[in-house]
Amino acid sequence: MAMDQPDETQPGRVGSDGASTGAPTSPPHDDPAEGGTLLLEKAWLNISDIVFRVRVEGGGVYRFVEANPAYYKSTRLSPQQAVGQPLTELVPDSTMATVLPHFEEAIRCRCTQRWEQVSEYPAGRRIGQASITPVFDEQGRCTDLIAIVHDITELKLREEQLQSANLELEQALAEQQRLAETIRSNEERLNFALEGTGEGVWDWRVDEKKIMYSSQWKRVLGLPDQFAGDELEDWLSRVVPEDLPALMERMEACLNSTDSVFSQECRMRHGSGDPIWVRLRGSVVTRTGGGTPQRMVGTIVDITDNVRLREQLEASYVLLAQLAQQVPGALFKLSRDPDGNYSCTYISAMARQLFELEPEDIMRDVTLLHERMVEGDSERLMRAREKSAASLHAWREEFRVQLPTKGLCWREVNATPTRARNGTVVWHGFINDISQRKGHELTINQFNEKLERRAHYDALTGLPNRALFRDRLEQGMRHARDTDSGIALLFLDLDRFKEVNDLLGHDAGDRLLIDAARRIERCVRAGDTVARLGGDEFTVVLTEPHELVHIERIAQDILDALAQPFSLGVEQVHVSCSIGIATYPDDGKTLDELMRNADHAMYRAKSAGRNQLTFFEVGMQAAAMHRLKLASDLRRALPEKQLALFFQPIVDLATGEVHKAEALLRWRRPQAGLVLPGAFVEIAEESGLIHDIGNWVFTTSAQYAKHWSAMLGYPFQISINKSPVQFQHHASRMDWVAYLRQLELPPGCISVEITEGLLLNLSEKVLAKLAQLHAGGVEVAIDDFGTGYSSMSYLKRLDIDYLKIDQSFVAEMLHDSTSQTITETIIVMAHKLGLKVIAEGVERREQRDWLAERGCDYAQGYLFGLPVEAAEFEKGLLAK
């Protein structure tokens with residue numbers, strides 16, 4: 001590119017500074033003078049000044065065209081990154097703000113502009129002597145700007161260093177003059193330099209009885225600069241009278257050489273009239289040869305804010321101490337040094353109650369605590385503490401202490417360890433009294449043991465119940481299979497027991513069952529099992545029966561024993577027994593098959609005239625045919641709309657209102673009338689129909705719940721029973737939660753009641769299904785609580801909302817103290833666990849009143865209403 005050589009004052013010409021109209025990336029080669037071109041190329045490549053050219057595009061836009069290597073070295077850009085870019089993309093905003101006015105002025109005045117420019121390059125901060133020269137075309141338009149930046153950073157640095165040196169010299173001279181002036185003035189005025197720290201200075205000429213103050217001293221006390229109270233009394237009169245004696249005592253001690261320096265905090269009257277807190281310091285600086293003080297110099301500083309802060313801190317300490325007394329335990333800090341030595345540096349006053357020791361004594365000798373502990377617990381506590389020190393995990397342990405006045409008590413320590421740089425481990429924590437909690441746990445454990453026994457043993461006779469019987473039978477079958485032996489299963493049903501029960505009452509019936517259980521037990525060996533399945537049904541499992549004659553003899557002994565009269569008070573009654581016998585493995589390979597065949601044999605014995613024993617025979621399958629017919633009819637019940645729901649109210653005992661109901665299934669079987677669930681639910685479970693029937697019960701109940709909730713204006717809950725079979729993992733499922741969501745039914749309008757059969761098989765999949773229902777707004781109730789597998793374990797594992805007290809407890813609680821205790825305990829326990837309680841089978845007002853007094857939440861039974869169909873139930877709701 002050709003370069004003109006114009007005069008500096010003419011646009012587009014090269015000025016005296018050598019600027020050209022362009023700064024190509026490589027120098028131009030179209031100059032006819034080849035030698036000049038080579039010289040220019042060397043200068044272009046080697047010149048240390050930055051040279052670049054930008055194109056003027058109008059509207060304040062300048063586009064980068066080319067530059068010499070010095071530019072790219074300083075900016076650490078490559079030509080590909082720079083060429084063609086708007087200058088605003090390459091130059092920081094702060095630099096552009098400085099450069100643009102020079103660009104505009106150069107174009108306006110059509111001449112070169114010069115200025116000093118400070119720029120931040122990747123290589124560092126540089127100062128340059130910048131110049132910008134405009135280039136104009138033949139029409140007089142400015143087309144380009146040629147920029148040259150001459151680096152003057154080092155020159156500026158040297159100038160700054162020279163200026164700094166001159167300044168330091170001037171300061172040194174000024175300081176020398178000031179010191180000389182200060183020396184020439186009164187030397188004691190040097191103390192006024194303390195004013196820079198916020199302290200005022202006072203100078204007391206003791207021998208002259210005059211005192212001088214610095215300006216800062218006056219400002220501290222809010223006094224005007226013209227204050228001239230040069231008498232000591234003028235100063236002391238401003239001290240609050242209550243603080244003056246202590247100040248004078250300290251000053252006298254200092255004057256008399258008792259103390260070399262005195263320091264005293266006191267209150268002084270501020271110029272505003274309010275007292276402020278100050279700290280006064282002073283020292284005798286001149287004495288006579290005889291030691292008489294001549295001059296005392298000191299300072300004053302306002303410490304009001306510090307005193308207030310200190311008072312706030314002291315108040316905080318008091319508050320923390322008071323709060324520590326309210327914490328239900330003793331706060332402590334325990335340390336273990338690298339050598340393994342323990343020390344207690346703090347323990348709160350609650351230690352007196354927890355250990356009957358003074359906190360000071362414990363902090364002096366921490367081993368006193370271990371002397372209070374039960375020996376085994378002390379060793380266990382120390383092992384846990386050492387483990388916590390090694391792992392820095394939380395230290396939590398329960399232990400017992402033997403106290404002089406309180407005796408044996410339980411304590412719990414909770415502490416978090418940290419390790420200091422020197423290896424010391426420090427625990428911060430608290431020790432709590434858990435004696436009451438331990439007492440509750442013991443009560444619950446004892447109650448749980450009773451419930452566990454009720455789960456496996458019949459409450460009336462003490463015999464194994466159905467659950468334990470099945471377990472024993474299964475074990476016997478397994479043993480027989482492993483040893484290639486056999487077992488015999490006897491099903492017993494008392495004949496005419498119902499007549500005795502109806503004639504003499506339940507109490508007499510119970511005594512008969514207890515006596516019958518004892519007679520049956522006396523007829524078998526110790527290794528055999530006698531169980532009560534319920535009502536007047538008993539079973540006997542004979543292990544290793546050897547041969548049928550042996551089985552028959554034991555069965556006949558039972559028949560003979562039960563045929564003897566029973567003494568029930570003044571009455572003597574006679575009952576008999578029907579026994580069905582099935583043997584393993586001949587009469588059944590599985591537990592259910594063996595039980596079913598023994599049951600068939602028992603019904604054959606009863607139908608054959610009772611008071612006899614019958615061995616199972618294949619011909620007894622006729623009874624099973626009846627069950628098959630029942631199952632066949634049941635399959636048509638749902639499609640032909642033979643099923644119906646009856647509803648029984650559940651009453652809020654606190655208000656007497658009906659906000660809940662239980663849905664009870666009924667079957668209108670053709671030619672059989674209204675059939676209760678007990679006659680067909682087992683068939684439904686065995687056949688798998690229970691799933692479709694259960695889904696129908698659910699959807700129908702949900703629709704009624706929505707209808708009645710809308711009708712009443714508040715959520716109305718319907719409880720439904722869900723069979724354990726419906727929770728089986730292979731069961732055909734309906735998404736109940738999705739249906740409730742689709743129905744837009746408010747949460748809590750459906751409650752599912754689960755039974756013992758489910759709890760006996762509480763698998764993780766069952767838990768997951770229950771959790772899904774609960775999360776979807778379905779509440780869960782435990783039905784017949786206390787009669788089956790009533791273990792605390794499932795209360796921990798399940799999200800339960802209600803416990804339903806079995807009607808057997810309700811029926812007996814007014815005359816049986818045990819039933820009262822269990823019922824009341826269930827109510828208390830449920831409430832402590834956050835559960836509601838529903839009592840079943842309430843038939844008398846006395847029962848209702850007793851339950852209400854004990855805090856039972858809901859009740860259900862004939863006292864409040866029989867199960868009725870939906871239309872009649874709805875009329876009852878509207879009538880209330």
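## A hairpin to start with

Strand 13 hands over to strand 14 through a hairpin of three residues. The two strands, covering residues 395-403 and 407-419, run antiparallel and share nine bridges. One pair to look for on screen is Q402, whose bridge partner in strand 14 is L408.

## The whole chain

Keep in mind that this is a predicted model. Its secondary structure adds up to 31 helices and 32 strands. There are 880 residues in the protein, and 45% of them count as buried. As for contacts between residues at least 6 apart in sequence, 56% link residues at least 24 apart.

## Two nonpolar cores

In soluble globular proteins, nonpolar side chains tend to end up buried together. Here the largest nonpolar core has 76 residues, and the members touching the most other members are L634, F647, I720, I750 and L803. Which helix gives the most to this core? That would be helix 23, with seven residues. A separate core of 34 residues lies apart from it, with L490, I551, L568 and I581 among its members.

I720 is a handy place to zoom in. Setting aside neighbours within four places in sequence, I720 is in contact with A663, V697, F698, S701, W736, I750, S751, V752 and E753. That list includes I750, another of the residues that touch the most other core members.

## N695 on helix 23

Helix 23 spans residues 690-712, and N695 sits in it. Is N695 buried or exposed? Its relative accessibility is 14%, and because buried means under 20%, N695 counts as buried. Not counting residues up to four places away in sequence, N695 touches Q726, M734 and W736. W736 also turns up among the contacts of I720.

## Helix 24, end to end

W736 belongs to helix 24 (residues 736-743), where the buried residues are W736, V737, Y739, L740 and L743. Why do these residues line one face of the helix? Looking down the axis of helix 24, the buried residues fall within an arc of 160°, so they share one face. In general, an α-helix has 3.6 residues a turn, so residues three or four places apart point the same way. On the face of helix 24 turned away from the buried side you'll find R741 and Q742, which are exposed.

Both ends of this helix have something to check. At the start of helix 24, a side-chain oxygen of D735 comes within 3.2 Å of the backbone nitrogen of V737. After helix 24 comes E744, with a positive phi, near 60°.

## Helix 18, by the ruler

Helix 18 runs over residues 506-522, which makes 17 residues. At 1.5 Å a residue the expected span is 24 Å, and the end C-alpha atoms are 25 Å apart, so the two agree. Its buried residues are A508, G509, L512, L513, A516, A517, R519 and I520.

## Parallel strands towards the end

Strand 29 (residues 802-805) pairs with strand 30 (residues 836-839) in the parallel sense, over four bridges. Y802 has K836 as its bridge partner in strand 30. L803, one of the residues touching the most other members of the largest core, falls within the residue range of strand 29.

Strand 30 also runs parallel to strand 31 (residues 858-860), and two bridges join them. In that pairing, I838 has Y858 of strand 31 as its bridge partner.

Definitions and conventions
Residues are numbered from 1 along each chain as its sequence is written. This is a predicted model: local features need pLDDT of at least 70, side-chain atom pairs count only at pLDDT 80 or more; totals for chains, interfaces and linings use all residues. Side-chain values use heavy atoms; hydrogens and water are left out. Buried means under 20% relative accessible area, exposed over 50%, partly exposed in between (1.4 Å probe, protein chains only). Contact means heavy atoms within 4.5 Å. A nonpolar core is a set of buried Ala, Val, Leu, Ile, Met, Phe, Trp, Tyr and Cys residues joined through side-chain atoms within 4.5 Å. The expected span of a helix is 1.5 Å times one less than its number of residues. Two strands pair if DSSP finds at least two bridges between them. The arc is that of the directions from the helix axis to the C-beta atoms. A polar contact is a pair of N or O atoms within 3.5 Å; within protein, one must be able to donate a hydrogen and the other to accept it, and residues adjacent in sequence count only if both atoms are side-chain atoms.
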